[in-house]
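Colleague: I should like a close look at a single part of this assembly, namely the first chain as written, with its packing and its contacts. Please extend the account to the partner chain where that helps to complete the picture.

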Amino acid sequence: MNAILHELRKVPLTAKFGCAVVLFYIFVAVFAPVLAPFGESEVVGYEYEFWSAVNWLGTDSLGRDMATRMIYGARNTIGIALVTTMIAFAVGSAAGFFAAVLQAWVDQVLSRAVDVVISIPTLIFALLLLTIFGASVTSLIGVIALIYATFVYRIARAVAMGIVVMDYVEAAQVRGEGLWWIMRKEILSIAAPPLVAEFGLRFCFVFLTISGLSFLGLGIQPPAADWGSMVRENASLITFGDLTPLIPAAAIGLLTVAVNFIVDWMLHKASGLKT
Amino acid sequence: MNDKQTPLLTMQNLQIEGLSEDRWKPIVKGVDLTLGKGEVLGLIGESGAGKSTIGLGAMGHVRDGCRFSGGTVHFDGIELTGATRETCRDLRSTRIAYVAQSAAASFNPAFKLINQHTEFPVRRGLMQREEAQKDAVDLYRQLQLPNPEEIGFRYPHQVSGGQLQRAMTAMAMACRPDLIIFDEPTTALDVTTQIEVLSAIRNIVEDLGTSAIYITHDLAVVAQMADRIMVLRYGEEIEAADTATMLNAPKEDYTKSLWAVRSFKAAEKAPVAEGQMPVVSLRDVTAQYPGMAQPVLNSVSIDFHADRTVAVVGESGSGKSTTARSVMGLLPPVQGEIPLNGAPLSLDFRKRSKQELQAVQMIYQMADIALNPKQQIKDIIGRPMTYYRRLKGKQLTEEIRALLADIELEPDQYMNRLPSELSGGQKQRIGIARALAASPKLVICDEVTSALDQLVAEGILRLLGKLQKEHDLAYMFITHDISTVRAIADEVGVMQQGRVVEQGAKEAIFSPPHAPYTDLLLSSVPEMDPAWLDRVLADRAAARG
């Protein structure tokens, strides 16, 4: 216990701030129904009401409570981004390790396929695929996970390439170990720190992409609340000097900054530098 | 110029601490040192003795996670332990230079040698670019690099290890510094290359009157290079004296034990009975890397018998390791056979059965990259037992404990450790244990002691000898160190350019007449006599006429 406390004391202030913010977001997302004063898509007043004791952040274009929708938005936006990033990492790292261990034509086929996907601008490709498959939550997760798996693949492959040349991997191969065992026991354990750091970073990108798609109307569909579309729906309020549409934007920005603080700290730890 | 009485560098009660598990632990515990102008001081000791830390301290530098905690370092009147970055930066490379152990890892692979060489003299405004390039070529010539006019325009990967090490020495000389720190500059080289680098370094240091600190764990090397020797252990000075006194009349027991290491010798064994079946043999094995015109192995035949050690010697690139890779099935030969107990093995390891894979095991040179840093010791040596012998649960734990006891590591203490929590020698012991865990017939030892200090290496050799007797193992022992061969081998194969040029019982190989290449190899092994290098160079010059 003392050791953990001691370890915690060494965590830099920025990373502590990042952790605090992320924990707060998770708390809000998990307890959304308890915390929110109204229902997610419940109409509680007139459109565009200003901040008041009842509607803390006013109401939106349909008269729904903004504060409530902020809270539910955390749930939808973060939840979907998290699932998407996890799928992207599972698929991307498995394929990357696979290519690094087998090399030869497997590597060629996978790498060239990834090159093709990467060469198309992310947002445009996502828009195209979502138009084809329809804008449901499942296809949203699938499409974005596929696109981001290509980036993860490149990192996982590069990291694993450096590991497969190590003698302990050769020793395992000569021992007769199977591909799955080598990927799991010899490579994943070493490749984990850079991949975890990358996870944090990619999570932000996925999160921003989903918000961006929602802003364009192809992401999370109404009446479900999410921060990206909340910015879009209330954007016109800016003209009247009302700062409300900036609040979901700020929520997105704050989470991105917080996650990056944590990632910086993890990268520093993984680098092995002591000062 | 050669005023060895005037001190250039003085360290008084130098203390350096390192951060380990959140605590500052002393690495250097109060070392006093004086280095005169033009003097060469040899620092020797085992790894962990603080040699390199002191060497870097002489430049006012400490590694990441270390700090100066007391004492002073004065270089020509300038105090360095508390000096600003700017002061240190002005001194380094212009007045103090550093030659690292691995030149291959220290050069930037993306720039030509000469551009890295001239960077400092030009940036410090000491010379114009053309002038600096001319000077570089002169230095290359003095260091006896081949094609001095042209070699600088190559990239680091286009020259050999020995040449790179000399190019690095030339680079250290670029600004004509007053002090050069050589940190094990020849440890990674084989003996025939080492001798060239040593003589080149010594000549240039003498010619230019440079002071030097020469760090090494090889006594014979330091005997050739240094005016004075300081022996270090656990960050403290054991003793210091001029080279002749130190070699002939060491005072401290520790120093004597260092000197005595070379006496280890395995017990003599009767020659193998006529007609006895070898465990594994190579029959006219020819191997070739894909896409290369020349074969790397040319009809190599060697027999490995149970309870016998065959040492394979030769310089780097002679095909020693390739022979091992062929036996392992990592580089399938294009011609020839590799029978195991008389029955030919598949040449590709992927096609070998579990029993065949089990029979041949390998111990790697670098235990650091041969053990997965994220696996505990019990997993590393337990896995071959589970995989080949299907041991599980209690039986597995007992076997692991027995094996750890066998390699002289306390089971309770080491079972759950990670490789990073072990010393270099202990890691190599784990490498041995992993090979043994498979209950093999033939064990290939690829330079297993070359990364270790002599005392530790001797322990490993003793252990290998003991295990050979207990388990009736055949060893293929690859090395470039002749003293190791003398200690452990029963038979010797000398390799050059992919061929076995001489082969036979150890006594036959080591007694004259030698094949010409064997002679070169044997005469290149440094001896303790400080006059050895001069003598060998004179002999060779005479032979050339």
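Modeller: In this predicted model, contacts in chain A between residues at least 6 apart in sequence join residues at least 24 apart in 67% of cases. Chain A comprises 275 residues, of which 37% count as buried. Its secondary structure consists of 11 helices and 0 strands, and the pattern read along the sequence is accordingly α-α-α-α-α-α-α-α-α-α-α. The C-alpha trace of chain A spans about 75 × 55 × 30 Å along its principal axes.

Within chain A, one helix pair merits particular attention. Two packed helices are described by the angle between their axes and the distance between the axes. For helix H9 (residues 179-215) of chain A and helix H11 (residues 246-271) of chain A, the angle is about 165 degrees and the axes are 8 Å apart. Because angles over 145 degrees count as roughly antiparallel, H9(A) is roughly antiparallel to H11(A). The crossing of H9(A) and H11(A) is left-handed.

The contact between these helices can be followed residue by residue. On the H9(A) side, the participants are A:Pro193, A:Pro194, A:Val196, A:Ala197, A:Gly200, A:Leu201, A:Phe203, A:Cys204, A:Phe207, A:Leu208 and A:Ser211. Facing them in H11(A) are A:Ile252, A:Leu255, A:Thr256, A:Val259, A:Asn260, A:Ile262, A:Val263, A:Met266, A:Leu267 and A:Ala270. By class, the residues of this contact divide into 17 nonpolar, 4 polar and no charged. Among the polar members are A:Gly200 and A:Ser211 of H9(A), while A:Thr256 and A:Asn260 are polar members from H11(A).

H9 of chain A also takes part in the contact with the partner chain. In that contact, 14 residues of chain A meet 18 residues of chain B. On the chain A side, the elements that give two or more residues are helix H8 (167-175) and H9 of chain A. The largest share, 5 residues, comes from H8(A). The side of chain A that touches chain B has 6 nonpolar, 4 polar and 4 charged residues. Charged residues are thus present on this side of chain A, whereas the contact of H9(A) with H11(A) has none.

Turning to the partner, chain B is divided into domain 1 (7-260) and domain 2 (280-511). The centres of these two domains of chain B, taken over C-alpha atoms, are separated by 34 Å. Their contact takes 8 residues from domain 1 of chain B and 8 residues from domain 2 of chain B. On the domain 1 side, helix H8 (residues 191-208) of chain B gives the most, with 3 residues. That side of domain 1 has 2 nonpolar, 4 polar and 2 charged residues.

Two loop residues of chain B complete the account. B:Asp76 lies in the loop between strand S4 (66-75) and strand S5 (78-79) of chain B. Its phi is near 50 degrees, a positive value in a residue other than glycine. B:Asp76 counts as partly exposed because 15 C-beta neighbours lie inside 10 Å. B:Arg176 is placed in the loop between helix H7 (161-173) and strand S7 (179-183) of chain B. B:Arg176 has a positive phi of about 50 degrees, although it is not a glycine. With 15 other C-beta atoms within 10 Å, B:Arg176 is partly exposed.

Key: Residues numbered from 1 in each chain as written. Chains lettered and ligands numbered in written order. Predicted model: local features only at pLDDT ≥ 70, side-chain atom pairs only at ≥ 80, totals over all residues. Domains from an automatic or database assignment. Contact = placed C-beta atoms within 7 Å. Helix = DSSP H or I, 4+ residues; strand = E, 2+ residues; numbered from the N terminus. Axes fitted to C-alpha atoms, helices over the stretch in contact; angles between N-to-C directions. Parallel < 35°, antiparallel > 145°, perpendicular 65-115°, else oblique. Left-handed = near helix turned anticlockwise from the far one by under 90°. Buried ≥ 20, exposed ≤ 12 C-beta atoms within 10 Å, placed from the backbone.
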